[in-house]
Structure formats: structure tokens, C-alpha cells
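Q: Could you walk me through this one with me? I'd like to start with helix packing and then jump around a bit.

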Amino acid sequence: MRLKHIGVIVGGHLKSFLKHRTFGSKMEGIRSHARRDRLLEIESKIQQRWEQGKVFEVDAPTSSAKEGEKFFGNFPYPYMNGLLHLGHAFSASKLEFAAAYHRLRGKNVLFPFGFHCTGMPIKACADKIDREIKKYGNPPKFPVVELETPVPTAPVQSGEAKAEPEKFKSKKSKAASKSGVAKFQWEIMQSLGLPDEEISKFADPAYWLTYFPPLAKEDLKALGMGVDWRRTFITTDYNPFYDSFVCWHMETLKEQGKIVKDMRYAIYSPMDGQPCADHDRASGEGVQPQEYTLIKMQVKPPYSGKLTALEGKNVYLAAATLRPETMYGQTNAWVLPEGQYGAYEINERDVFIVTERAALNLAYQLLSKVPEEPTCLLQVTGQDLIGLPLMSPLTSHPVIYALPMLTILTNKGTGIVTSVPSDAPDDYMALMDLKSKPALREKFGVKDEWVLPFELIPIINIPEFGNKSAEKTCIDLKIKSQNDKEKLAEAKRLTYLKGFTEGTMLVGEYKGSKVSEVKPVIKKMLLETGQAVVYSEPEKEVMSRSGDECVVALTDQWYLTYGEAEWRAKAEECLKQMELYHDETRNGFEHTLGWLNQWACSRSFGLGTRLPWDKQFLVESLSDSTIYMAYYTVAHFLQGDDMFGKTSSLVTPEQMTPAVWNYIFRGGPLPETSIPLDLLKKMKQEFDYWYPFDLRVSGKDLIQNHLTFSIYNHTAMFPKEHWPLGFRCNGHIMLNSEKMSKSTGNFRTVRESIVEFSADATRFALADAGDTMDDANFVFDTANSAILRLTKEITWMEEEILPAEQTLRTGPHTFADNVFDNEINIAIALTERNYNSMMFRDALKTGFYDFQTARDEYRLSCGSAGMHKDLIWRYMHVQTKLLTPICPHYAEHVWTDVLGQKGFAVKAGWPAAEAPNYTLQRANKYLQNVIIDLRKVLQKRSAARGAVKPTVGIIFVAENYGGWQEECLRILQSHYDADTQTFKSDAEISAALKNSPVGKMADFKRILSQCMPFIKFKKSETKAVGVQALDLRLPFGELQVLGENVNLITRQLGLDTVTIHAYEDVAGLNLPTSQRTLLNQTPPSPGKPAAVFLAASEVSQ
């Protein structure tokens, strides 16, 4: 594929990348791409013009920003461990379209763009390449691996429930989009088109920082993004200015007491040796630690079987529960017969029998004799544990036994489950299975005395379910066994939450108390008396980018005190005044603020900025990226057009002291500094002008972390007048209705899409993909259609309109001219509304699709007289401007090279328009509908056997309702509620009709048979089109509209002659008897003319 038209400056890494990269689809070389190539040529030309004109570079004026004068939008900087793809482009396009719209409106628009390199992903990828080279050579020769089909895992059967609400989740998670067939990192780099000799350089993490950001910048330029690239930067201490900025940010928060050191549970990567934050994860983004109470069920000595090797130790089956208050009702414990367990040393005397996975989590929570290294004294199966006598906390039985349950999962909890059959449906059914099935007991060697004497223990009374809720729901739902998973899930749904919120304790020292009140008290008592310990594990599986499964660790590190009452109140205040565009977005933020608590902000390894007071730690990637929008305002002063911050001549990083940062961003006193005073004041003026930012656009997955963190940090770092004004969140993007996935090949980088479709066609399809919180859909056919539409529009202007300019009609406007002029005004108004609300798909509809349809209808309406010159020129100007935010290269070409206008289309100003005349639009719609209806009547007549082709049409119009119809409409008007858009009851309407003048007529019964169908029709019409359906006449003159367009009607119906008459004039016309009879049977009514069609022979009669 030729690259000379994609509008980039090839040099350095980009040149090397393009040399080895293959672009385009498999159809490349088969289809003709002349139209696409023309758009690429236009785009290359226009991008050079923009570059030369510095169109997107903007500096703050010396005065403060007036209301509506500026627009500052930003986008979460993408992570630089690969090429930008259409997922990035989709979210970024929302901001690009908004910024372009506001720029077109004449605002000062700042759209900066940075690149994120902080954290583990780059380091993890570099380390993988290094390991692959050491293990397999350079270039590596990998072994061939056959992938096995995974066996489906059984649903969770824990007998537990979360009383707390689920965390905010959208319909599709970002974690899902990261899944796929695992590859070697070298192969992933090869899939990007990199040669082997280049890939080996990526074993150095620093190489990634200089390689991918310049590529990303060029890709975004090629896409036509209106970015002020002077302000771009990369993160980490590789950029000394940004490094200084982050240090100041962290120090300020610490001074405020918002960063503290503490022991907390965190998702942790054993391989990396540090907490694994959301952006450090290959899967499991958003997953948090789930805390359990680990019940210590002591094995009663003396030990037998395999456990004799543990004699002298305190051995416990350790069961994880979310419902410690139910332990009063234990009748047994459950184990998985074929499950693999181990006896792990917790300390010198205590041994926990749990799964290996649980033991690893415990080892990272100071519950292992050797920290972070589980010590297994003995391996056993669940079958080995069946029949163990246990002494368990709170139960009224001195001894209970370990019994088999077939549906336990060993990848959740500890593989040991407490059994409370009175309140847990799973426990109830498993116990009933053992009690009622001797063969089942025999199969697993279960003695009768371990099962049969144990009955349900009522412990909690739940309204509607009584004191044995599990038994009641299982009987009510007709559950037959422990394998009836769907019904058991429904039973838990019915009882667990209600038991927590409304249940009352029936036993123990808290008898009579609400479960919700005593649950934490009972948990605390179990922990303080040593009968239980706290245990935590990830809610779901989390895989780090280094490739290991994460655990939950109790870590001693630095935390941001999110969730602290005063700070949270400020965050909620900020959120309340923000524009969020979707209720779902607001709900997501409110939910996140409800559960978000302390957040580990430091890491031991990876890339980033060192904590200034504790340099063994780095600032993690979600904590150095919360207020960098402020850094954009001064980056161009500091870095001097160098995204790496290495070549500045105005300021040195050492000069950017906390006092300087405070002066610029926090209104601090003028600092003692060697920075020139005028430069210092310029930086402060730049920040004060642009802040607060107006809009931040992001995928919805960042609500639960980055975006909420940004709110918190802005309220801590800046005064209220600088708090964020708006967030716009969107769903993820599919390609052709399927998940975007590298493993399936359903994937496009930004560059690939530009080469395959062109930049403007890509942007067109991105705008058309969707604007809600649901996942959007980038359709290749839409992009291909855009290529055709855009090039055809250029050809139409260049080859049809401009050569014929002198022959176009001038002079007074006709009805069709007025209608089209009005359609232009309507397109401007509707498209303006859609751009303002960031509904870009709708803007494309009103400003392009519908607008072109209006143009085509106008051309048809004009007939041989042709279109009006002034109107068609107005259309071309307006169409160009309305499409400028979405297809700026096309618009720029048309504006300058086709229409001959001066300046740049992107700054040409929003088109002027008069207020839309919706009555005129309705009149035109009426005209079009009349033509359609009359054509159907005419076709029906022409199709009749022996019919002679009509040549004359006589149209009759009744402009007013009268008689009983008028009375019916007046009654409906008085019985309609405009607020609720509903009518009163049929009985009330009928009563009003009987009491009206119509009801007093002698032939009321006959009239009533006509009234009721008419009323029913008008009610349905009102529901469809609104209250205007109840008008006694249309808001325009039907006779005038049809009379002005009689030539159009004649032409559209294919007749020789058409005449228009008021219905009351019918008596004076010489009509054939049959036609007069037919006309009397179906007379015209307002909005519904009637017609008589005659052949030439009938007219002569």
C-alpha cells in the first residue's frame, strides 16, 4: 500500500516503523481505491496547510476568560506500550468533535494531548522480551504449543452472600476486551509490524518511551486531530519537568494529611513484588479485595489417618464466610471430595487446612510461618477430610463433622465451607441429599451418626420466610437437589439481603437484635477471642501484566485517604455541579464515591516519579495522572516543543520549585526565583485563563478509578472556581458488531484505518458509531459509504454546480425555494443542538444525511426551472460548515479549493440562520404526503380492469372541520392534558358528546356511529403527531400550498392537467355522476384532500 498520501513526516522511529509495516485489508490491490486515494491526497494537502498556519496552536490572551469565550477539553493520555487503535480514536473523537465545533463557533479552544508511560505495563513488557531473549535466543525460537480447550467451571457454591451492594459495573467491562490467546511478547511486537532487529531494543524500558509516543503523535495528526502539539509530553522521571510537577502534587497532598502510610489490603503481584493497580493488570480491572471472616474449625484430637503427622499442632479447617452472624446455626462443615488441600503452618503451633491458592493469599497477609512463602506440612484431598470431628465457634453442637459437598469451587474462598442449613439454601439441599440418600453416604464413607442426628437450628427470623428461610424457599421453589443451581441462586436472592436488612437474631447474647446491627459486633467478637481471623482475596481473578495471578497482600505503604468524610464531601459537591451528559454516568460516580476508600499510591518497581520524601517508592500510574490537565497550560513554556522535556531554553527543571508551582496553580505568593518575572506571570495567566477545564472525555471504565480520583484531587489542590466542569463518558467500541480483538483479527490501529478508509471516512464512521454509554459500533460499510458520499459531493460541486453557475435560476423565491431555505435553517438549528449535547451521530444525521435529502428533494421540486443560485450556494457553504467538526479535511478542501473562500474552514464561523419556520416545514410535508396519497389513488384507478389512463386531476380541499366533526374536536381539546399527553376516559368524552349540540340532534344515533370512529382516529393521531392533530384547520392555507405547487403535482402524478378547488365549489363543476358519488362517499377533510381523476374522453363529456 502506498503511503505518500497519508500526510505524515517520516523520520526516525516512524520511518523504521513504516518501512516494515503492511497496511490495508486483504482486498488491497483487488478493489479500486481511487476515491479513497483522492481523500488521502486532500488530507495530506490540508494537514500541511494547518501545520504552516499553526491553526491549532492557541495562547491565552492577557485578559480573563469571559463567559463562553474559551473551551478547554482533554482526554486521558493513552498508555504507550503499543500503537493507538480505534478504541482510543473513538473516545478521543468525542473530544475532537466537540473542540472542533467550539473552534468553529469562534471560541478560543485548547485541545492538548499527552502520553502516559508510568507504571508496570512497559516495564513488564520489556522484562518479558528480556526473558524471552535469554531463554530462546535473539531472535528467539519459540516452542510450538498446542492450546487445549478449557473445561467449563462450575458456578460458585459457597452458601454465602454479599450484604454490601455490588460495585458499579457497566454492560461490558474493559477487562473482557483484554482477554485473548496468550502470546510471547516478541510475537506481539511482530504483529505490530516490527522487524526482529528492532524488537530486541525493546528489552530496555526507556526505548518504549522514545519509540511509541512519536508514532502516536503522527497517527493523531494523520487523523486530523486539532491538537496544540506544543503542549504534548510524556510522563515519568524521563521528563524532568513533569517529574517535578508530580513531586509538587504529592508533597502538597502529604502536607494536607491526604497521603498517609498504613497497613492495608491491596491486590498484589507476587512476581512484581508490589501492589497491582488497575492499569498494571492484564485482566481484572476494577476488581477489589474481598474481605472474609475466616472461621477456625478446630479438628478434635487425637488425629487419625494422614493427620497423625500433625499431632501436637492445633489443626483447623479454615472456612471463609461473609456471614459470621449465622455461625450459631452450624451443623457440619463441607469439603470437596476430589479437592486438593494442604495443611499450612500459620505459626509455630497453628495449622490451617485450605487450598494452595488460599494459603498463598494468607502468606501475604502475615498468616504464614514464613511470610510470603506458604509452608505445606501435608497434602490431602477432600476425601481424607470427610468425617473429621470439629469444634466450631458459636454452634450449639460440641462436635460437628466434615461432610462432602459436590459443588464447592476451589478458586473462591478456602475450599472449606461452613454449613448453616437453616439459612443457606445450598447447605440445606446438600444436607437433605445426605440424609435422604443412603447410597450417597455410602459412596463417600459418611457414617449415619455424622449426619442423621443433626437438625436445622433456627437462628434468624426473616419476615415472610420465618425462622428456617432456607427450608421454606427450597420447598416453595420445588428444589430437588444441591445440583439445581438456578433455583438455588434464586432462593439466595430472595432471602440473603432481606435476612441482612430485616432479619432478627433468635439465639445468642444478641437475641432480639437486628442482623444488620449485630453482624459487625459478632465478627469483632470472633476476631478478638481468636476464634476467627480476617482473610482477604481478589473478588475475581486478576492477572498482572507480568503474567502472574494476583493475591491480596497486607502491605505497609503510602495511601491516599479517599473516602475520608471531609474530602468526600468536597468531591460530592464538585460532582453535583458538573455536566455529565448521562444519568448512568452520574449514577456511576455516585456509587464509586460511596465505596471508594484508601488507595495505594506508591509502588516499588516500574516507571514513574519517585516519592520525594520516600524515594524507595514510585508514584503509581493512577495517582500521577489526576491533575495533569493543569500541566498542559504551561507545558509549552517549560518543554519548548520537546515532549521529553530535554531541550527547554527558557526554564530549567531545577527552577520549578514547589513555591513556583504554588504561585502558578494555587495562587501562592510570588516566589524567590531566577525565572524571569514576565515568564512567571505568563504561566500563571495561561493557567488562570484556561482553568477550570470545560470537558474531559473518557471511556466509562475509568469512572471507578481515574475520573473519580481526578475529582478528589482537584478539590484538594485547587479552589472551587477551578474544579472540573464536565465529564463525558462513553462505552467501548465494536468493529462490525463484534468485539474488537487482536486474537480474532477483528482489530484496527488508527493508522490502519486511515490507510484503509482515509482519515475523514474513519472520523465519519466514528461519529456514526454511537454516543451513549452502551458499546458503540464502528461499521466498515459506513466508512466505505463515507468515501463514496464525500467524493461524490465534491464531484457534484466541481462538475455540476460550478460549471453551470451562470445558468442557475435567480430572482424571486418560489414555494420550493422558501421550503429549502427553511430546511437549511432547520438543519443549522438541529445540528447546533446536537453538537451542543455531544450527540454526534445525530449531528451527522441532521447536518449531513437529512440535509442532503432536503437538497435532493429541492432539486426534484424545482423541475426544469432549476435550483435557485443563491440557495444552492448557501447550501454548499452551510453543508461544509456543518460537517467541518467531523470531516475537517473535506470541509477545508471544499471551503478553499472549491468555493474559493479565504481563511480556514475550521475557523470560518457557525452559519447564520433565521429561526426555523416549522409551519412551512409542515406545509411542505403536507404537500409531499398529498402527492404520495394521490399517487396511490391514481395507481389503484389505473390498475382497474378496462380502465382508461387518466390525464386530468381535480383536487378538492376542505380547509376547516365543521358540524359534528368540529364539535368532536372541541370536546377532545377540552379533555386532553398536555402535560401528561393523555385524554380523559372514554366515558367522560362520551358524556360530553351527549351533552353537546350534536347530542341534541334528532339523528344523534346515526351521527354517533360516525363520531366514535372519528374520535378514536383523532386520539391515535394525537399520540403519533401531537396535539396539533386536534386543530380545526391546518396552520397554513391548503389551497394556497397546492395551488403554488400545481406544476409539481402535475409532474409527479404524470398527468396533463391538475386543478385545485375548494370542496364547497364541487356543485358548480361538471363531474361524471360516478365520480361525484365517489367524492360524496369519501369527502376531503383538513389535511386530507380528495381527488377525481378523469380520462380525456370523460372530460369531453
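Q: How far apart are the axes of α27 and helix α35, and at what angle do they pack?
A: In this predicted model, the axes of α27 and helix α35, which spans residues 1046-1053, lie 9 Å apart and the two helices pack at an angle of about 95°. Angles of 65 to 115 degrees count as roughly perpendicular, and α27 and α35 are therefore roughly perpendicular to each other.

Q: Which residues make the contact?
A: On the α27 side they are L860, S861 and C862, and on the α35 side L1048, R1051 and Q1052. By class, the contact of α27 with α35 is made up of 3 nonpolar, 2 polar and 1 charged.

Q: Switching to cavities, how many of 30 Å³ or more are there?
A: The count comes to 7 cavities of 30 Å³ or more, and the largest cavity holds about 100 Å³ of space.

Q: Which residues lie nearest the centre of the largest one?
A: Its lining has 14 residues, and V819, E857, Y858, S861 and N924 are those nearest the centre. S861 also belongs to the contact of α27 with α35 that we just went through.

Q: Which helices supply that lining, and what classes are the residues?
A: α26 (815-836), α27 (840-862) and α30 (918-943) each give at least two residues to the lining of the largest cavity, with the largest share, 5 residues, coming from α26. The lining divides into 8 nonpolar, 4 polar and 2 charged residues.

Q: Back to helix pairs, how do α2 and α29 cross?
A: Helix α2 (residues 34-53) and helix α29 (residues 888-898) have axes that come within 9 Å and cross at roughly 75°, so α2 and α29 are roughly perpendicular to each other. The residues that meet include R38, E43, K45 and W50 in α2 and P888, H889, E892 and D897 in α29, and the contact of α2 with α29 has 4 nonpolar, 4 polar and 6 charged residues.

Q: What does UniProt place at residues 957-1034?
A: An unreviewed UniProt entry gives the feature "domain: Leucine--tRNA ligase RagD-binding" there; the span is 55% helix and 6% strand, and its end C-alpha atoms lie 12 Å apart.

Q: And which residues does the "domain: Aminoacyl-tRNA synthetase class Ia" annotation cover?
A: According to the unreviewed UniProt entry, that annotation covers residues 46-128 and 215-777. Residues 46-128 are 42% helix and 10% strand, with end C-alpha atoms 42 Å apart, whereas residues 215-777 are 33% helix and 21% strand, with end C-alpha atoms 26 Å apart.

Note on methods:
Residues are numbered from 1 along each chain as its sequence is written. This is a predicted model: local features need pLDDT of at least 70, side-chain atom pairs count only at pLDDT 80 or more; totals for chains, interfaces and linings use all residues. Side-chain values use heavy atoms; hydrogens and water are left out. Axes are lines fitted to C-alpha atoms, for helices over the stretch in contact, and angles run from 0 to 180 degrees between N-to-C directions. Helices (H or I, at least four residues) and strands (E, at least two) are DSSP runs, numbered from the N terminus. Angles under 35 degrees count as roughly parallel, over 145 as roughly antiparallel, 65 to 115 as roughly perpendicular and the rest as oblique. Contact means heavy atoms within 4.5 Å. Ala, Val, Leu, Ile, Met, Phe, Trp, Tyr, Cys and Pro count as nonpolar, Asp, Glu, Lys and Arg as charged, and the others, Gly among them, as polar. On a 1 Å grid over the protein atoms alone, a cavity is a set of points where a 1.4 Å probe fits but cannot get out, and a pocket is an open set with protein on both sides within 12 Å along at least five of seven lines; lining residues have an atom within 4 Å of a point. Grid points are joined across faces, edges and corners, and a volume is the space filled by probe spheres set on the points. UniProt positions are given in the numbering used here, feature names are shortened, and annotations may be inferred rather than shown by experiment.
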